[in-house]
Amino acid sequence: MSHAVPRPLRSSPGVRIGVSVALATGLYGISFGALSVAAGLTFWQTVALSALMFTGGSQFAFVGVVSGGGAGASALGAATLVGLRNAVYGMNMNALVRPRGWRRLLAAHVTIDESNATASSQTDPLEERRGFWAAGLGVWVLWNSFTVLGALLGNALGDPGRWGLDGAAVAAFLGLLWPRLSGREPVAVAAVCALVTALAIPVLPAGVPIVVAAVVAALMGRSRRDGGRDRVASGGGTEAAA
Amino acid sequence: MTMWSWVLAACALAYALKLVGYLVPGRWLDDPRVGRMAGTVTVGLLAALVVMNAFGSGQALAVDARLGALLVAAVALWLRAPFLLVVVLGAVAAGLLRLLGVP
């Protein structure tokens, strides 16, 4: 390591950012908990998704398909496709954080948008590691606590339609999509997939249109020509290496 | 399979995806196409989930109070409202429209 004296934990920028990110993200575990029981999953299934799946986008995708009347298989397919990016994060974090032994198994579990982003925002290797663990473990604790709260609240509210909880689900998915719509390519992908879904809903079984849209999105990502502005920060290799 | 089995299988797959990044040689996932596809799939799926939750009604499309929630959420996001507020506003919009008699 190039730094003679590491900063104490108290004034560590990695930990500070990690904790702020954990607070901001953990809070909206409450909306996941409430939407999940409104979608028809039980309290314990909701708790299991937050504790074990622990990747917000996939969890919302799972309950989103279930609430639309889709089968468990479609919910699993949608959640897994949304989770693909975590494999890319895992590779990034393996290079930055370099966990060894059993820590690697724990690091994998807390590899999510927030821990990847916090670690990547630091330049010092020690702060990268501190930021990763502070964000990863911090989000886990808060996300799960607020999921429990949201699930209890959702159960107490009863009929989801009466309280506009189906409207909350629509707003939540738009809120998750919104920050990713920077630039022409993501907007084009979103528009095409929205249209494909609308066309597919009347002709395919519930839940399947989501998977069709994912396949279309993957093909759009694969076929995009190189050159121009590459918006993927992690893509360090070259086409020749493929 | 029961819903519990699907929940647990999906959890296991999510963990496997995270772990695979730590275990495979870096150059396997270094292909820029992999990162790009992971990005476009996430955007495409979220867009599909917006449409399904806003207009899907079993195997049919329907326009109801949820469209109000979608529009209110879009305005809130455009005004840079935080996520949690956007979700609450979506619920309030749909709830109020139903009180006014919108299906």
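Which residues of chain A does UniProt list for "transmembrane region"? I looked this up before anything else: the record, an unreviewed entry, gives residues 21-54, 60-84, 132-153 and 187-220 of chain A. I keep in mind that UniProt positions are given in the numbering used here, that feature names are shortened, and that annotations may be inferred rather than shown by experiment.

**Ground rules.** I am working with a predicted model, in which local features need pLDDT of at least 70 and side-chain atom pairs count only at pLDDT 80 or more, while totals for chains, interfaces and linings use all residues. Residues are numbered from 1 along each chain as its sequence is written, and chains are lettered from A and ligands numbered from 1 in the order in which they are written.

**Confidence.** I noted pLDDT (the predictor's confidence in each residue, from 0 to 100) for both chains. Chain A has a mean of 85, with 90% of its residues at 70 or more, and chain B averages 90, with 95% of the residues scoring at least 70. Among the elements of chain A, helix α3 (residues 43-53) has the highest mean, 98, and helix α6 (residues 84-96) the lowest, 86. Among the elements of chain B, α4(B) has the highest mean, 97, and α2(B) the lowest, 66. Over residues 226-242 of chain A the pLDDT stays under 50, and the model has 25 contacts beyond four places in sequence for that stretch. For the model I wrote down ipTM 0.88 and pTM 0.77.

**Chain A, elements and burial.** I find 12 helices and zero strands in chain A, where helices (H or I, at least four residues) and strands (E, at least two) are DSSP runs numbered from the N terminus. Of the 242 residues of chain A, 55% count as buried; a residue is buried if 20 or more other C-beta atoms lie within 10 Å of its own, exposed if 12 or fewer, and partly exposed in between, with C-beta atoms placed from the backbone. I also looked at contacts (two residues whose C-beta atoms, placed from the backbone, lie within 7 Å): residues 24 or more positions apart account for 72% of those in chain A with a separation of 6 or more.

**The listed spans.** In chain A, residues 21-54 are 82% helix and 0% strand, and their end C-alpha atoms lie 15 Å apart. Residues 187-220 of chain A are 79% helix and 0% strand, with end C-alpha atoms 12 Å apart. For chain B the UniProt record, also an unreviewed entry, lists residues 37-55 and 67-97 as "transmembrane region". I find residues 37-55 of chain B to be 100% helix, with the end C-alpha atoms 26 Å apart, whereas residues 67-97 of chain B are 87% helix, with end C-alpha atoms 10 Å apart.

**Helix α12 of chain A.** I checked the length of helix α12 (residues 208-223) of chain A: at 1.5 Å a residue its 16 residues should span 22 Å, and the end C-alpha atoms are 23 Å apart, which agrees. The expected span is 1.5 Å times one less than the number of residues. The buried residues of α12(A) include A:V208, A:P209, A:I210 and A:M220, and what covers the buried residues of this helix includes α4 (56-67), α5 (72-82) and α11 (184-200) of chain A together with α3 of chain B.

**Where the chains meet.** How many residues does each chain bring to the contact? I get 89 residues from chain A and 70 residues from chain B. On the chain B side, α3(B) gives the most, with 24 residues. That side divides into 49 nonpolar, 13 polar and eight charged residues, where Ala, Val, Leu, Ile, Met, Phe, Trp, Tyr, Cys and Pro count as nonpolar, Asp, Glu, Lys and Arg as charged, and the others, Gly among them, as polar.

**Two positive phi values.** A:R98 is not a glycine, yet has a positive phi of about 45 degrees; A:R98 lies in the loop between α6 and α7 (102-109) of chain A and is partly exposed, with 14 other C-beta atoms within 10 Å. B:R80, likewise a residue other than glycine, has a positive phi near 65 degrees. I place B:R80 in the loop between α4 and α5 of chain B, where B:R80 counts as exposed with 8 C-beta neighbours inside 10 Å.
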